[in-house]
Amino acid sequence: MLFNQLELIEPLLKAVSEEGYTKPTPIQQQAIPVVLQKRDLLACAQTGTGKTAAFSIPLLQLMHQQIEKHPQKSKNIRALILTPTRELAIQIGENISAYGKYLNTRHTVIFGGVNQFHQVSAIRKGVDILVATPGRLLDLIQQRIISLNQIEWLVLDEADRMLDMGFVKDVKRIIALLPAQRQTLFFSATMPVEIQDLSDSLLKNPMRVEITPPATTVELIEQSVYHVEKADKQDLVFDLMKDKNIKSALVFTRTKHGADRLAKWLTKNGIRTEAIHGNKSQNFRQAALASFKSGRTRILVATDLAARGIDIDELTHVINFELPNIPETYVHRIGRTGRAGASGKAISFCSSDERVFLKDIQKLIKKTIPAINDHRFKSMPSIVAEPKMPATTQMHKSNRTSKRHQHNSGKRREIVLMKK
Ligand code: AMP
């Protein structure tokens, strides 16, 4: 199927083609006609499937048609796109600018963590489409700078993330302020019960579109796991980066502190690395992201929240420095590479205390992630995972493993010392 079979208007087709899109992705093929028919939509699709264009393009078309019908400029916001993070908000804004560049629709993006001045002046000039994160939106509503009583379209993006990040209450408060008569487009990568309930309360007779559940959207991504103890993980990243095929790697750490520590260490060792997380200012995060996208920075270390929605077309590798304890998070993380049909690589580090997470992940994705055994930090999980065994027995057992392995496992290193 081609974009021109989707009954899109010429200015949109032209913009989409200039973006280099040749064919609509499956979510776009299914969602665009539904939105254009003005029906509510419940879409189960994760980032990387082209979901932003799936709602932005038809929304721009409907908005454009409305503006043509009522050309007098209205100061009322008519479409609201709610999204959990500022990065995601900015990216949606950039996509709308790109797709809508031959249209007269006006949009702006608001998010917290920065001064509201420019956001407020943009809103005062008048916007048709507002992209917002929940906190800043509620703030500006309370200040009476924004009114939602003329909203005709609501897009709820990454609803499951809203839940994870504790925004559902805010979202419900916002929704209570919207006119009942509206078209609602609901996007979520996963459908836990609370999200199902939320969608039931928001949507009227929706068309349900499901793009391969998250567990199977990762098929194009080449996955591997390195069994390595905590203390050796930094060195292992360093070793891996000797491979020039790793052009850009997004490295996930569990904590902000861990992200900073790793970035500092890699930079000190000659690999230009930046870290982004919630404690960094918005300006810093944008600059770090720009530097990474341009290729100046080879590694970007991020926490899950900071990385949410980061849209980097050419990302070749995702490295899980620590495995997430929620298996779905693994799928979200590795979905940063292999976007819109491209292949990518996902490398995970698994220390003995993370083996249980690996098990859960493999259960979710219904496959065993191949282990790479040929590296100098290889830990022997079967031995390390027996913490209650007396040291003497462990010593005996590790004697059977190669000297190199003994030396490189954090735990066994202690044992070797004891033996001496
Ligand atoms: P999303 O799922 O919205 O985060 O989009 C993932 C990536 O796919 C973005 O970089 C988009 O620019 C890109 N993209 C979206 N639609 C298409 C398409 N039809 N063809 C090629 N790339 C696309």
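**A159, the sheet and the helices**

Trainee: Which helix holds A159?
Mentor: Helices are DSSP runs of H or I with at least four residues, strands are E runs of at least two, and both are numbered from the N terminus. This is a predicted model: local features need pLDDT (the predictor's confidence in each residue, from 0 to 100) of at least 70, side-chain atom pairs count only at pLDDT 80 or more, and totals for chains, interfaces and linings use all residues. Residues are numbered from 1 along each chain as its sequence is written, and side-chain values use heavy atoms, leaving out hydrogens and water. A159 sits in residues 159-164, helix 7.

Trainee: Is A159 buried or exposed?
Mentor: Buried means under 20% relative accessible area, exposed over 50%, and partly exposed in between (1.4 Å probe, protein chains only). A159 has 1% relative accessibility, so A159 counts as buried.

Trainee: Which residues is A159 in contact with, leaving aside neighbours within four places in sequence?
Mentor: Contact means heavy atoms within 4.5 Å. By that test, the partners of A159 are F186, F187, S188 and I195.

Trainee: How far apart in space are A159 and P84?
Mentor: In sequence, A159 and P84 are 75 residues apart. C-alpha to C-alpha, the distance between A159 and P84 is 7.9 Å.

Trainee: In what order do the seven strands of the open sheet stand?
Mentor: Two strands pair if DSSP finds at least two bridges between them. The pairing in this sheet is parallel. Strand 3 (107-110) and strand 7 (207-210) each pair on one side only, as edge strands. The order is 3-4-2-5-6-1-7.

Trainee: How many bridges join strand 1 to strand 6?
Mentor: Strand 1 covers residues 41-44 and strand 6 covers 183-188; the two run parallel. L41 stands opposite L185 in strand 6. The number of bridges is four.

Trainee: What angle does helix 4 make with strand 3?
Mentor: Axes are lines fitted to C-alpha atoms, for helices over the stretch in contact, and angles run from 0 to 180 degrees between N-to-C directions. Helix 4 (residues 86-99) packs on the sheet, touching strand 2 (79-82), strand 3 and strand 4 (129-132). Its direction makes with that of strand 3 an angle of about 170°.

Trainee: Which helices do the buried residues of helix 1 pack against?
Mentor: In helix 1 (residues 10-18), the buried residues are L12, L13, A15 and V16. They cover an arc (of directions from the helix axis to the C-beta atoms) of only 165° around the axis, so they are on the same side of helix 1. They pack against helix 3 (51-69) and helix 4.

Trainee: Why are the buried residues of helix 10 on the same side?
Mentor: In helix 10 (residues 233-240), K233, L236, V237, D239 and L240 are buried. They sit on the same side of helix 10 because their arc around the axis is only 160°.

Trainee: Which elements do the buried residues of helix 10 pack against?
Mentor: One is strand 8 (221-227), and another is helix 11 (256-268). The list also holds two further strands, so in full: strand 8, helix 11, strand 11 (299-302) and strand 13 (344-350).

Trainee: Over which residues does pLDDT stay under 50?
Mentor: The protein chain averages a pLDDT of 85, and 85% of the residues score at least 70. For the stretch under 50, the model has 42 contacts beyond four places in sequence. That stretch is residues 382-420.
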